[in-house]
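The following paragraphs guide a reader through the packing of helices in a protein model. Please keep the structure in view while reading.

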Amino acid sequence: MKNINFLVSGVGGQGTVVASDILAAVGMEAGYEAKKSDVLGLAMRGGSVTSHIRWSQGTVHAPMVGLGEINYMVAFELLEALRRLPFMNPEGTIIVNTQQLPPVSVTSGQTNYPSQTEIITTLKKHVKTVYEIDALSTALKLKNSKTVNVVIMGAASALFDIPTDIWEKVIAGTVRPKHVELNIAAFREGRKLMEVG
């Protein structure tokens, strides 16, 4: 595949931008040209956060990806995966964290949060491959919920033939030095989720 288009989708505070930084840097370390763009919507108040990342064996002229062009979506929250579904190529792959963070429209009683079954069924109806992972539980086993983003990156890494050394080198260069060991452990646990799933 000459071009690989990613969308990383989550909610403010989940580490979506850090994860997309890692994904872009891994692409470059693996020999691709890579570009990314973040879209932050009231992230400090639990709003949506999305990042478009493109890897290419040629020149990447723009980081943003159009509707129906995403090959891989990495969603940190169930409803955010559903919201971004129009961007997916039907032949693409989604990794979705089963965590639910209801938006204000739900917490204020204006609307209901769809069930996990409804969301997953809809995703599977429109996209060829969908992986459900419980990254939050894995992060909590490591006693740090903030590692959810790196757990998810570990799961995503299992989809590519890129040595884990590259991923771990990028993670070590991205997170604070005192958190490197914890985040490498989170990455490895995330990869395991795909091995057993």
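In this predicted model, the axes of α1 and α7 come within 9 Å and cross at roughly 130°. Angles over 145 degrees would count as roughly antiparallel and those from 65 to 115 as roughly perpendicular; α1 and α7 are therefore oblique to each other. Their crossing is right-handed. On the side of α1, the contact is formed by V18, I22, L23, A25, V26 and E29, and on the side of α7 by I166, W167, K169, V170, I171 and T174. By class, the residues of this contact comprise nine nonpolar, one polar and two charged.

The spacing of such contact residues can be read against a general rule. An α-helix has 3.6 residues a turn, so residues three or four places apart point the same way.

A second partner of α1 is α6. The axes of α1 and α6 lie 9 Å apart, and the two helices pack at an angle of about 35°. Here too the crossing is right-handed. From α1, the residues V18, A19, I22 and L23 meet N149, V150 and M153 of α6. The contact of α1 with α6 has six nonpolar residues, one polar residue and no charged residues.

How many residues of α6 are buried? Ten of its ten residues are buried, and the helix is mostly covered. The buried residues of α6 are V148, N149, V150, V151, I152, M153, G154, A155, A156 and S157.

One residue of α1 links the two contacts. Leaving aside residues up to four places away in sequence, I22 touches V150, M153, W167, V170, I171 and T174. Of these, V150 and M153 belong to the α6 side of its contact with α1, while W167, V170, I171 and T174 belong to the α7 side of the other contact.

The view can now be widened to the nonpolar interior. The largest nonpolar core has 37 residues, and those touching the most other members are F6, I22, L23, V26, W55, M153 and W167. At least two residues of this core come from each of β1 (3-11), α1 (16-29), β3 (48-56), β4 (70-75), α5 (135-141), α6 (148-157), α7 (164-174) and α8 (180-196). Which helix gives the most to this core? It is α6, with seven residues. Apart from this core lies another, of 19 residues, which includes A75, L85, V106 and I120.

How values were computed. Residues numbered from 1 in each chain as written. Predicted model: local features only at pLDDT ≥ 70, side-chain atom pairs only at ≥ 80, totals over all residues. Heavy atoms only, no water. Core = buried A, V, L, I, M, F, W, Y, C linked by side-chain atoms within 4.5 Å. Buried < 20%, exposed > 50% of the residue type's maximum accessible area, 1.4 Å probe, protein only. Helix = DSSP H or I, 4+ residues; strand = E, 2+ residues; numbered from the N terminus. Contact = heavy atoms within 4.5 Å. Axes fitted to C-alpha atoms, helices over the stretch in contact; angles between N-to-C directions. Parallel < 35°, antiparallel > 145°, perpendicular 65-115°, else oblique. Left-handed = near helix turned anticlockwise from the far one by under 90°. Nonpolar A, V, L, I, M, F, W, Y, C, P; charged D, E, K, R; others polar.
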